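Visitor: I have just opened this one and don't know my way around it yet. Could you walk me through it?
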Amino acid sequence: MSTQRESGEDRLGDGDGDGDRQEGGLTTGEVARRLGVAPTTVRTWDRRYGLGPDAHTDGRHRRWTAADVARLERMCALTATGLPPAEAARLARSEEPPAVPSRSAAGPPTASSPVRRSRAGSGLRLGDVRQECRGIARAALRLDAAVLDELLLAAITEHGLVAAWTEVIVPTLQAVGRKWERSGEKYVEVEHFLSWHVSGALRRVAPRTVADRPGATTVLACVPGENHTLPLEVLSAALTERGVPVRMFGGALPVESLVAAVRRTGPAAVGLWAQSRTTASRPLAQHVAAMEWGVRGARRRPVVLTLGPGWAGQTVAGLARPSGLAEAVAALEPLVSA
């Protein structure tokens, strides 16, 4: 699926439809997803710098072979170092392409090829992660809002919310955080920029708020002093996607307000997020878990989940501590199922 609507001219030039896939090679949209850049970027490099495919199918369709994609990967890596695009393109064209298996032996890459992994190209230490991380990191470093929004939405659409968060967004956020830590305050604007756009992407893809069902609501809040709301935002979106009523209270909710919210909603579950050990409070979690509501003889207590790295070493007896988004969704969804 292309990450943006193409003009009629681009559709004629790319032939991204399923009917063209059988001709071999990758379409421009597929190449863009593998590289983690916008399709318009690939087309611009083709038009301006001659980095298009070596061969065209029947004179109309641009089909990219493994050698073509390798050349674009060099272009991505070079531009990420700060080289001007024209100079990067010259160097990318001058290098000999890597050995490519003959078409008779292996054929060109196809849409069903295994997921490519990224180890370089953004200036960040990304490690062995999905290919999309490189493009998202590059867009964040350049403070390119339009491309960043496009790539985030494409990753969520293609992989689903949970996988996109776990395998694409979190590794990129962690890489940006590491770069900020190594460079002092130099890259703090990149971290804030990326977090803001991730939050916006979550709001755009989240379904409509689920109506309350008695005894089926989940309350999500950061503990007092904690302002890292992004993990709770994605959990809220994932639960809403599954038809779970959620009441999200965001960052640094005071104790009195948290207690009032729990009493007013009578939730089936409460998720308390703590990013830091200095904000995680065992007494607070125990207090919320002991709260009761309902008529005499049928009183209920919420299931409390301690969420986030701040609870490491702060294990509270009888309270669950999911290790990630998928585990938190799996723990909460059965509690509120109709």
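**The sheet and what surrounds it**

Guide: This is a predicted model, and a good place to start is an open sheet of four strands, which are arranged in the order 6-5-7-8 with parallel pairing.

Visitor: Which strands stand at the edges?

Guide: Strand 6 (246–248) and strand 8 (303–307) do, and because each has a single partner strand, one side of each is left without a neighbour in the sheet. On average, neighbouring strands of this sheet are turned by 15 degrees against each other, with direction ignored.

Visitor: And over how many bridges do strand 7 and strand 8 pair?

Guide: Strand 7 (residues 269–273) pairs with strand 8 over five bridges, in the parallel sense, and Leu 272 is found opposite Thr 306 of strand 8.

Visitor: Which helix lies across strand 5?

Guide: Helix 11 does, and it lies across strand 6, strand 7 and strand 8 as well, running at about 170 degrees to strand 5 (218–222). Helix 11 covers residues 230–241, and its twelve residues reach 17 Å from the first C-alpha to the last, close to the 16 Å expected.

Visitor: Why is helix 11 described as largely enclosed?

Guide: Eleven of its twelve residues are buried, so helix 11 is largely enclosed by the rest of the structure; among the buried residues are Pro 231, Glu 233, Ser 236 and Thr 240. After helix 11 comes Gly 243, which has a positive phi, near 80 degrees.

Visitor: Switching topic, which residues have the most contacts inside the largest nonpolar core?

Guide: That core has 49 residues, and those with the most contacts inside it are Trp 165, Leu 194, Val 198, Leu 235, Leu 239 and Leu 325. Helix 9 (residues 161–182) contributes the largest share of this core, nine residues. A second, separate core has 21 residues, including Ala 274 and Met 291.

Visitor: What does Leu 325 touch?

Guide: Leaving out residues up to four places away in sequence, Leu 325 touches Val 162, Trp 165, Val 234, Leu 235 and Ala 238.

Visitor: What about Val 190, is that one buried or exposed?

Guide: Val 190, which lies in helix 10 (residues 188–205), is buried, with a relative accessible area of 1%. Apart from neighbours within four places in sequence, its contacts are Ala 140, Leu 141, Leu 143 and Val 176. Val 190 and Leu 141 are 49 residues apart in sequence, yet 5.9 Å apart in space, C-alpha to C-alpha.

Visitor: Last one: how many disulfides are there?

Guide: The count comes to zero disulfides. As for individual cysteines, Cys 133 is buried at a relative accessible area of 0%, and Cys 222 is buried at 1%.

How values were computed
Residues numbered from 1 in each chain as written. Predicted model: local features only at pLDDT ≥ 70, side-chain atom pairs only at ≥ 80, totals over all residues. Heavy atoms only, no water. Core = buried A, V, L, I, M, F, W, Y, C linked by side-chain atoms within 4.5 Å. Buried < 20%, exposed > 50% of the residue type's maximum accessible area, 1.4 Å probe, protein only. Helix = DSSP H or I, 4+ residues; strand = E, 2+ residues; numbered from the N terminus. Contact = heavy atoms within 4.5 Å. Expected span 1.5 Å × (residues − 1). Disulfide = S-S within 2.5 Å. Pairing = 2+ DSSP bridges. Axes fitted to C-alpha atoms, helices over the stretch in contact; angles between N-to-C directions.
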